[in-house]
Amino acid sequence: MRLKVSPRLISALVVALIVLFLITKNWGGASVNAKTISSFLVVGIALGGIYAITAGGLVVTYATTGIFNFAHAAIGCFLAFCYWQLTVKQGLPTLVAIAITLLVIAPAIGFLLDKVIMRRLRDAALVVQLMVTVGLMLTFMGITLTIWSPKTGRTLPQFFESSKGVQLGDVTATWHRIITVVIALLVALGLRFLLYRTRLGISMRAVVDSRSLAGLTGAKPSIISGASWALGCMTAGLAGILIAPETGLVVDNLTLIIVVASAAAAIAQLKSIPMAFIGGLIIGLAKSFSSVYLEWGTDWAYADEAIPAAILFIALLFLPMARLETGKIRITKRTERLTKPWEAALGAGVMIALVGAWANGWIPWISGTTFGERSAVWLGRGAGFMVIGLIMISLIPLIGWAGQVSFANFAIAGIGAVLFSHFGGQNGDAIGIVFVMLVCAPLGLMIALPALRLKGLYLALATMAFAEVADKVIIRHPNMLDPSATGVLFKPVNIFGITISSDPSDRRAFLMFLVVTFALLFFMLEMLRRTRWARRWIAMSDSPAASATIGVNLTTTKMMVFMLSGAMAGFAGCMFGLQRGALSVDSFPLFAGLPLVLLLAVQGVRYPVAAFMGVIGLASFPALYEVLGKPSWLSAIELIGPGIAAIAMAYRPEGAVFYSGRDLAGLLPWRKDARLEKELMVAKEREQNIGKDEINDMGLTRPFTPDKVAQLDRVLDITDLVDEKKMVPTGGAS
Amino acid sequence: MSAILETRDVVVRFGVLNAVSHASIEVVEGRVTGLIGPNGAGKTTCFNVITGLQEPTSGKVFFEGKDITNKNPYKRARMGIARTFQKLEVFGSLSARENILVAAEQRKTWDRSGFDPNKVCDEMLAKVGLTDVSEFMVGTLPTGTARLVELARALASNPRVLLLDEPSSGLNEEETEEMASLLRKFVDDGLAVLLVEHDMSFVMGTCEYIHVLDFGTIIATGTPAEVQANAQVQAAYLGTETVEEAS
């Protein structure tokens with residue numbers, strides 16, 4: 001017999017060796033004695049407790065609604081500010097403020113989210129589900145920042161701040177921390193009990209698997225999902241209130257806890273509350289260990305912040321491989337037609353003509369400027385928007401066609417820009433761009449590697465974690481981007497006789513170069529869509545199981561599209577650098593990359609033209625500001641823009657480009673096919689909706705017998721709960 | 001006749017539930033083999049084991065005498081196993097033509113006979129009678145038509161064995177008859193077909209050999225006549241009414 005070594009064991013050993021190496025290399029020299037150990041444990045457990053509450057809430061929401069809520073921590077942050085307003089500002093007693101925050105505001109947000117948005121997302125594509133919650137996250141951040149200006153410092157007092165706390169060995173555990181740990185334990189136990197031992201909780205879990213089955217419990221599915229969201233918001237708020245006194249009331253920090261919570265949720269495989277709790281503890285302890293014992297040095301000054309992301313990656317390595325599921329196919333409500341080459345060429349031409357006419361002042365422009373001249377500022381802005389467009393278009397094959405939701409492309413572009421500054425950029429050498437693309441292709445692949453065999457959500461988590469690591473650790477490393485280096489990093493580059501640089505005199509040429517490149521990429525993507533590569537990616541996205549059974553190697557197919565997208569992002573990064581002229585270490589935060597994906601998704605992530613529409617959308621706000629002065633309603637719209645986008649996506653999941661394109665095509669006299677397909681589609685939609693209503697009403701309209709309930713209980717494995725005498729024929733979520 | 005595809009003592013356990021226990025199924029070239037049984041008997045799970053979507057708890061799957069139990073789904077497809085699904089697994093955002101084209105192009109990776117995928121695609125479209133709707137997105141097509149797209153897609157990879165999971169569901173009577181005659185044509189061309197089906201008259205009319213599953217166990221095998229006469233089968237599943245209907 002062959003000796004079988006489990007690959008997991010090997011990975012575990014490798015990971016352990018790396019961790020050991022990092023620990024010994026960065027050992028800070030603090031002696032390991034009772035004092036340091038107890039301070040490491042006290043801080044770690046308290047921190048872990050807070051993470052555990054956040055992660056627990058995240059897992060509960062996911063387990064009961066099927067939606068991974070990226071806005072979880074942002075909602076928690078908003079609630080923490082609400083709590084601050086009530087206690088510190090209004091002077092309400094702590095308990096009253098907590099009650100108002102957690103028992104009134106939080107559930108209200110939850111029910112509202114469910115009613116307006118979340119309920120529509122149950123059958124939506126993963127990218128739509130994720131982008132809607134990302135939109136919410138940005139909205140909650142925006143609202144919080146507006147109501148409570150970050151210019152004013154705020155502090156939230158700890159609980160029982162005046163009391164001394166408890167002496168544990170040589171360290172004092174403050175009451176706040178003790179309370180945190182106790183609450184975390186109670187929350188974990190409570191959630192576990194709720195989900196597995198009460199009828200409401202069981203109904204909540206059942207809704208995810210089968211709405212009709214859940215209907216049989218007699219509970220109204222809409223109330224159940226509302227309750228799930230309310231519960232999620234309450235845990236988010238609780239965690240926010242507990243952590244804000246430790247970290248300070250800072251929107252970014254409190255919102256970034258989502259990365260930590262995601263890592264803990266990955267450890268919990270998105271379903272186990274006890275494991276989410278343990279995951280939170282592990283991360284808390286790891287961070288505390290690092291701060292007590294390790295000294296990362298100036299080169300890796302921010303390595304500390306990468307710990308949760310690193311733990312997420314490690315957790316992904318050990319997750320069991322996802323099964324290829326069948327019967328979960330999403331019914332497409334889409335009609336589209338392959339773009340013909342001449343149509344794509346026409347589209348590309350229109351893009352070039354539009355931007356060209358604008359850049360050369362052939363179309364009327366707003367007050368103050370005349371025909372003929374565009375200010376250098378506006379030409380620079382235009383180039384900036386086109387660069388963003390290049391990043392967005394790199395996402396089309398990856399997210400739109402292959403269905404691989406990635407948040408990392410902005411970070412890849414950032415790394416590309418930094419690399420270009422080292423290789424070619426400083427000498428104005430165009431060949432460096434090719435080099436950067438060749439590096440960024442495998443980079444895109446490497447990010448995806450740990451998640452390739454897992455389901456799509458993990459990929460999204462991994463890419464988000466990578467974006468955070470790239471910003472905090474990779475780009476900030478002095479060998480990558482020296483924070484002390486100022487001035488020009490990118491010399492003008494000459495490509496095909498066009499000088500492109502950030503210099504004001506070159507800006508028009510640069511903008512034209514960018515729009516031509518963009519239009520070319522657009523055309524190439526439209527052509528690519530007609531090849532077997534794109535067909536295979538779309539097939540894989542529509543049904544992985546069916547793809548595998550016709551011989552598609554899913555792993556290599558995914559790798560292909562990640563490399564393409566990575567290379568495109570790398571190119572965009574080079575352009576980013578050239579357009580800026582210089583880079584700062586703060587150029588590529590996670591929160592700057594997310595809106596791009598959202599903007600593209602709202603326009604329609606499957607259609608290359610959506611990236612161009614995204615550019616126009618980006619440009620429209622500064623343009624409107626200039627036309628209208630600075631009306632406050634416009635900034636309000638800009639602020640809640642992501643929220644509007646999120647709602648729009650929930651109702652129009654295919655994106656604006658699709659719906660307007662379909663209706664426009666229907667108006668063209670020679671597009672009979674568009675009208676016919678629309679008819680077919682509407683008929684099909686109606687047919688499907690009839691069935692849907694029936695299922696929705698099942699629990700309401702169909703009376704059922706006690707033995708039906710008993711059967712259901714058996715299916716759900718809750719026989720120990722069943723009390724024959726108490727059984728009410730109509731069930732109920734009580 | 002030796003079996004081209006065979007499962008030996010396949011067991012699939014979900015928690016405490018044995019979805020399939022010690023199921024041995026043989027599929028022979030040039031005939032339609034039926035796999036029937038009441039709801040939840042484990043038929044689709046058997047299909048998933050054969051195509052590699054479900055790892056069996058124990059037992060083995062053989063294809064042309066080779067053990068393929070640990071092979072990836074895509075490798076099995078490349079060896080010549082194709083299937084359709086009980087619940088549609090079409091590529092909804094590709095046109096009917098593209099659905100089939102993906103499979104035909106994929107076949108290029110292992111079939112070096114120098115065929116033209118576009119031609120294969122046209123042939124398949126004609127074979128199942130979809131030429132008229134070939135440019136429509138499959139997501140907008142009615143279920144019956146989409147089922148034919150799935151069938152054509154499976155055929156486009158030029159399989160040796162075709163597994164059909166309830167091909168007649170969603171089809172009307174006329175379409176079902178067409179499907180039956182299509183199947184006969186495939187089998188005459190030397191294809192081996194394994195069929196899961198609820199429509200008893202369809203099964204009894206099309207299959208030459210039948211395996212009956214009940215609670216994951218094979219309770220009877222034989223010709224349609226033998227299976228119908230089997231008392232255990234009648235008790236477990238068929239019932240007198242269905243038998244009458246079929247005979």
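1. A word before we start: two residues count as in contact if their C-beta atoms, placed from the backbone, lie within 7 Å. Keep that in mind for helix α1 (residues 43-51) of chain B, which lies across β3, β6, β7 (161-165), β8 (192-196) and β9 of chain B. Its direction is at about 150° to that of β7(B). And do remember that what you have here is a predicted model.

2. Now for the sheet under that helix. The strands of this open, six-stranded sheet in chain B come in the order β6-β7-β8-β3-β9-β10, and the pairing is mixed. Going from one strand to the next, the twist averages 20°. At the edges you'll find β6 (81-83) and β10 (217-222) of chain B; each has a single partner strand, so one side of each is left without a neighbour in the sheet.

3. For one pairing in detail, try strand β3 (residues 32-36) and strand β9 (residues 209-214) of chain B. These two run parallel and share four bridges. If you want a spot to zoom in on, B:Leu35 sits opposite B:His211 in β9(B). Helix α6 (residues 173-188) of chain B also packs on the sheet, where it touches β3, β7 and β8 of chain B. Helix α6 of chain B makes about 150° with the direction of β8(B).

4. Two residues in chain B deserve a look at their backbone. B:Asp9 isn't a glycine, yet its phi is positive, about 55°. You'll find B:Asp9 in strand β1 (residues 3-14) of chain B. Is B:Asp9 buried or exposed? Something in between: a residue is buried with 20 or more other C-beta atoms within 10 Å and exposed with 12 or fewer, and B:Asp9 has 13 such neighbours, so it counts as partly exposed.

5. B:His22 is the other one, with a positive phi of about 50° although it is not a glycine either. It lies in strand β2 (residues 17-28) of chain B. B:His22 has 15 other C-beta atoms within 10 Å, which means it is partly exposed.

6. On to chain A, which is divided into domain 1 (25-318) and domain 2 (351-667). Their C-alpha centres are 31 Å apart. The contact between them takes 35 residues from domain 1 and 39 residues from domain 2. On the domain 1 side, the elements giving two or more residues are α5 (126-147), α10 (251-267) and α12 (307-318) of chain A. The largest share, 13 residues, comes from α5(A). By class, that side has 26 nonpolar, five polar and four charged residues.

7. There's a helix pair in chain A worth turning around on screen: α14 (residues 376-393) and α24 (residues 609-628), whose axes come within 9 Å and cross at roughly 145°. The crossing of α14(A) and α24(A) is right-handed. Among the residues that meet there are A:Phe385, A:Met386 and A:Ile388 in α14(A), and A:Phe612, A:Val615 and A:Leu618 in α24(A). This contact has eleven nonpolar, two polar and one charged residues.

8. Last, where the chains touch. Chain A puts in 29 residues and chain B 31 residues. Which elements give two or more residues to the side of chain A that touches chain B? They are α20 (532-542), α21 (544-549) and α27 (672-701) of chain A. The largest share of that side, six residues, comes from α20(A). Sorted by class, the side of chain A that touches chain B has twelve nonpolar, eight polar and nine charged residues.

How values were computed. Residues are numbered from 1 along each chain as its sequence is written. Chains are lettered from A and ligands numbered from 1 in the order in which they are written. This is a predicted model: local features need pLDDT of at least 70, side-chain atom pairs count only at pLDDT 80 or more; totals for chains, interfaces and linings use all residues. Domain bounds come from an automatic or database domain assignment. Ala, Val, Leu, Ile, Met, Phe, Trp, Tyr, Cys and Pro count as nonpolar, Asp, Glu, Lys and Arg as charged, and the others, Gly among them, as polar. Two strands pair if DSSP finds at least two bridges between them. Axes are lines fitted to C-alpha atoms, for helices over the stretch in contact, and angles run from 0 to 180 degrees between N-to-C directions. A crossing is left-handed if the near helix is turned anticlockwise from the far one by less than a right angle, and right-handed if clockwise.
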